[in-house]
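Me: I'd like a close look at just one part of this model: how its strands pair up, and whatever goes with that. Take your time and keep it chatty.

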Amino acid sequence: MLRRTFMAAVVAGTALVSTPIYADGHGKMDIVDTAVGAGSFGTLVAAVQAAGLVDTLKGEGPFTVFAPTDEAFAKLPAGTVEDLLKPENKDTLTAILTYHVVPGKVMSGDLSDGMMAETVQGSQVTIKTDPAVMVDEAAVTQADIEASNGVIHVIDSVIMPKM
């Protein structure tokens, strides 16, 4: 049930607008609040909460987050999300989530084909730009959603570090 809720939120989030999102009319929201406000990243937000990463992603940054939508999480085998959200799997969940985060603010114009980017998790993701923008095997469906502490690029799959 949580997985479906998250996926529905992610699908709605892919409709993130190309205009800036503002909190109380006083500037951009941070990455977490931007994701919550989008409505399509429910599973991602739940996972970030379960991993204890909310304060980090609300921190100064800057961060680049490759954010899987709820639909992306729904592609995982049945029961995967529920298992990852269990307290005993917090380390694995944290590793997966931090694999989706690159230190610094990397805009789409900064990307090049074959580029390698080190993630917060410690492994590298491979960026492809031709014929489409990909992060590992996930397609970027929306790029350059700016937040006060970084940028979000929406992806259509959950990417997994080698563990």
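Reply: One term before we start: two strands count as paired here if DSSP finds at least two bridges between them. Bear in mind, too, that this is a predicted model.

Let's begin with the whole sheet. It's an open one of seven strands, with mixed pairing, and the order reads β2-β1-β7-β6-β5-β4-β3. At the edges sit β2 (101-103) and β3 (115-118), each of which pairs on one side only.

Now walk in from the β3 edge. β3 pairs with β4, residues 124-128, in the antiparallel sense, and four bridges hold that match. To get your bearings there, find E118, which stands opposite Q124 in β4. Between β4 and β5 there's a loop, and P131 has its place in it. Look at the peptide bond joining D130 and P131: it's cis, with omega about 10 degrees.

Past that loop comes β5, just residues 134-135, which runs antiparallel to β6 (residues 138-147) over two bridges. The pair to look for is M134 and, opposite it in β6, A139. β5 and β6 make a hairpin with two residues between them. One of the turn residues, D136, is worth a pause: its phi is positive, about 50 degrees, although it isn't a glycine. Is D136 buried or exposed? Its relative accessible area is 15%, and because the cut-off for buried is under 20%, D136 counts as buried.

β6 has an oddity of its own. D144, placed within that strand, also has a positive phi without being a glycine, this time near 60 degrees. D144 is partly exposed, though, with 29% relative accessibility.

On its other side, β6 meets β7 (residues 150-155), again antiparallel, with five bridges joining them. You'll find V140 standing opposite I155 in β7. These two strands also form a hairpin, linked through two residues.

So what lies on the sheet? Helix α2 lies across β1, β6 and β7, and runs at about 40 degrees to β7. That helix also brings us to the largest cavity, because α2 (31-38) supplies at least two residues of its lining, as do α3 (42-50) and β1 (63-68). The space inside comes to about 140 Å³, and the model has three cavities of 30 Å³ or more. Of the 15 residues that line the largest one, I31, L44, V48, L57 and V65 lie nearest its centre. By class, the lining has 14 nonpolar residues, one polar and no charged ones.

Two of those central names, L44 and V48, belong to a buried run in α3: T43, L44, V45, A46, A47 and V48. In general, an α-helix has 3.6 residues a turn, so residues three or four places apart point the same way. Just after α3, G52 takes a positive phi of about 75 degrees.

One last stop on the way back to the sheet. Leading into β1 is the loop from α4 (54-57), and P62 sits in that loop. The bond between G61 and P62 is cis as well, with omega about 5 degrees. Follow the chain on from there and you're back at β1, which sits between β2 and β7 in the sheet order.

Conventions. Residues are numbered from 1 along each chain as its sequence is written. This is a predicted model: local features need pLDDT of at least 70, side-chain atom pairs count only at pLDDT 80 or more; totals for chains, interfaces and linings use all residues. Side-chain values use heavy atoms; hydrogens and water are left out. On a 1 Å grid over the protein atoms alone, a cavity is a set of points where a 1.4 Å probe fits but cannot get out, and a pocket is an open set with protein on both sides within 12 Å along at least five of seven lines; lining residues have an atom within 4 Å of a point. Grid points are joined across faces, edges and corners, and a volume is the space filled by probe spheres set on the points. Ala, Val, Leu, Ile, Met, Phe, Trp, Tyr, Cys and Pro count as nonpolar, Asp, Glu, Lys and Arg as charged, and the others, Gly among them, as polar. Buried means under 20% relative accessible area, exposed over 50%, partly exposed in between (1.4 Å probe, protein chains only). Contact means heavy atoms within 4.5 Å. Axes are lines fitted to C-alpha atoms, for helices over the stretch in contact, and angles run from 0 to 180 degrees between N-to-C directions.
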